[in-house]
Amino acid sequence: MRVIVPPIKCQGIKTKLVNWIKENAVLYDDGLWIEPFVGSGVVGFNVRPKKAIFSDTNPHIINFYNNIKEKKISASTVRSFLESEGEKLKTEGEKHYYNVRERFNDKFSSLDFLFLNRSCFNGVIRFNKKGKFNVPFCRKEERFSKAYITKIVNQVANLESFLANYDWKFIYRDYVSTIKLAGENDFIYCDPPYIDRHVDYYNSWSHENERKLFELLLSTKAKFILSTWHSNKYRENNYINEFWSHFYILIKSHFYHVGGSEENRNSMNEALVMNYKPLYQEEILTETPEQLVLFEPKSTYRNVINTI
Ligand SMILES: C[S@@+](CC[C@H](N)C(=O)[O-])C[C@H]1O[C@@H](n2cnc3c(N)ncnc32)[C@H](O)[C@@H]1O
């Protein structure tokens, strides 16, 4: 299925894994979709549940989506804002990018956040220890071309129509209290920051955070999927063995080329951890080139609970 891309980009965005996650999620008609680490929102926006709670501890992401929901920002205000700021970027160059960055770090406006997110280096969201956005300019003065603005405006328009049709809440809060909201008929999708990677003010993640997440997911009555990485050519994710192997794990390995040569193929194994048997049938578990592997839980939940 064609993936709807959101207007905000962030590190660890799951655009390429959305269909795989969606195929494996189990959503009941009266259930809530709960996404405690919403980031760009690409997963939930594509699942399109009737009712959802999207939360994150990055207030700028939550404000941005709430501003669309409350009609403080619309596709047309985004168009005129990006046209006029894009024009200034074209004539003043990076000086204008840094002016907008300074303005954002003073007033935290959602439109400035969008401008920076779509013209910063690598489209990442990174804040320093004082909570100030600190990503440099992508060095393309003509960044906001007509076509690029139209693409972003359409992404905002898609969201406007979802928000008019679905009961979605965007909440600024920590994953612990969000996961505790889940009842038996709800579905939780978790995509926490990876430890040691992309660490910034809103993305620090510790062993203690991972352990707490494991305990919460172990005791929830809701079904869940957790995205994580399993292994790559160089190392394995130790948390798989320590925590996540107590659940079902579906692994998708994909190959990427280093320097374009056939011999230099590296594989990256993405994992979906879930507390129910995934819906896959045996024959698609050996697909190539994206191989799928399923691991059964290492022990019963009862054993796990006894060891905590
Ligand atoms: C890997 S990103 C999620 C990416 C998202 N699934 C997507 O496809 O765009 C992790 C998100 O977790 C948020 N986050 C970090 N620590 C958190 C916490 N303690 N509670 C809730 N959210 C947190 C970050 O702000 C970030 O947006």
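User: Which residues does valine 273 touch, leaving out those up to four places away in sequence?
Analyst: Valine 273 touches Leu226, Thr228, Trp244, Phe247 and Ile249. This is a predicted model.

User: Where is valine 273 found?
Analyst: In strand E7, residues 265-274.

User: Buried or exposed?
Analyst: Buried, because valine 273 has 26 C-beta neighbours inside 10 Å, and 20 or more is the cut-off for buried.

User: How far is valine 273 from tryptophan 244, C-alpha to C-alpha?
Analyst: The two C-alpha atoms are separated by 6.6 Å. Along the chain, valine 273 and tryptophan 244 are 29 residues apart.

User: And what separates isoleucine 240 from valine 273?
Analyst: In space, 9.1 Å between C-alpha atoms. In sequence, 33 residues. Isoleucine 240 lies in helix H10, residues 238-242.

User: Why does isoleucine 240 count as buried?
Analyst: Because 20 other C-beta atoms lie within 10 Å of isoleucine 240, and the buried class starts at 20. Beyond four places in sequence, isoleucine 240 touches His230, Ser245 and Ala271.

User: Zoom out to the core. Which members of the largest nonpolar core touch the most other members?
Analyst: Phe187, Ile188, Tyr189, Phe224, Ile225 and Val273. That core has 68 residues.

User: Which domains does this core draw on?
Analyst: At least three residues come from each of domain 1 (15-28 + 194-307) and domain 2 (67-159).

User: Take isoleucine 188. What does it touch, skipping residues up to four places away in sequence?
Analyst: Isoleucine 188 touches Ile34, Ile179, Ala182, Thr220, Ala222 and Phe224. Phe224 is also on the list of core members with the most partners.

User: New topic, the ligand. How many residues surround it, and which are the closest?
Analyst: There are 20 around the ligand. The closest are Gly12, Phe37, Gly39, Ser40 and Asp191.

User: How does that shell divide by residue type?
Analyst: Ten are nonpolar, six polar and four charged.

User: Now helix H6. Mostly covered or mostly open?
Analyst: Mostly covered. H6 runs over residues 110-117, and seven of its eight residues are buried. Those are Ser110, Asp112, Phe113, Leu114, Phe115, Leu116 and Asn117.

User: What covers them?
Analyst: The cover includes helix H3 (59-69), helix H4 (75-92) and helix H5 (94-107).

User: Which contacts does phenylalanine 104 make beyond four places in sequence?
Analyst: Phenylalanine 104 is in contact with Ser109, Asp112, Phe113, Leu116 and Phe133. Phenylalanine 104 is in helix H5. Its C-alpha is 8.7 Å from that of leucine 116, twelve residues away in sequence.

User: Is phenylalanine 104 buried or exposed?
Analyst: Buried, with 21 C-beta neighbours inside 10 Å.

User: What about leucine 292, where does it lie?
Analyst: In strand E8, residues 291-295. With 17 C-beta neighbours inside 10 Å, leucine 292 counts as partly exposed. Leucine 292 and serine 253 are 39 residues apart in sequence and 6.7 Å apart C-alpha to C-alpha.

User: Backbone next. What is phi of arginine 48?
Analyst: Near 55°, a positive value in a residue other than glycine. Arginine 48 sits in the loop between helix H2 (42-47) and strand E2 (51-56). Arginine 48 is partly exposed, with 15 other C-beta atoms within 10 Å.

User: And phi of lysine 71?
Analyst: Near 60°, again positive and not in a glycine. Lysine 71 lies in the loop between H3 and H4.

User: Why does lysine 71 count as exposed?
Analyst: Because lysine 71 has 11 C-beta neighbours inside 10 Å, and 12 or fewer counts as exposed.

User: Overall picture. How many helices and strands?
Analyst: Eleven helices and eight strands. The protein has 308 residues, and 33% count as buried. Of the contacts with a separation of 6 or more, 70% join residues 24 or more positions apart.

User: What is the average pLDDT?
Analyst: The average is 89, and 88% of the residues score at least 70.

User: Where does pLDDT stay under 50?
Analyst: Over residues 301-308. For that stretch, the model has six contacts beyond four places in sequence.

Definitions and conventions:
Residues numbered from 1 in each chain as written. Predicted model: local features only at pLDDT ≥ 70, side-chain atom pairs only at ≥ 80, totals over all residues. Near = placed C-beta within 6 Å. Nonpolar A, V, L, I, M, F, W, Y, C, P; charged D, E, K, R; others polar. Core = buried A, V, L, I, M, F, W, Y, C linked by C-beta atoms within 7 Å. Domains from an automatic or database assignment. Contact = placed C-beta atoms within 7 Å. Helix = DSSP H or I, 4+ residues; strand = E, 2+ residues; numbered from the N terminus. pLDDT = per-residue confidence, 0-100.
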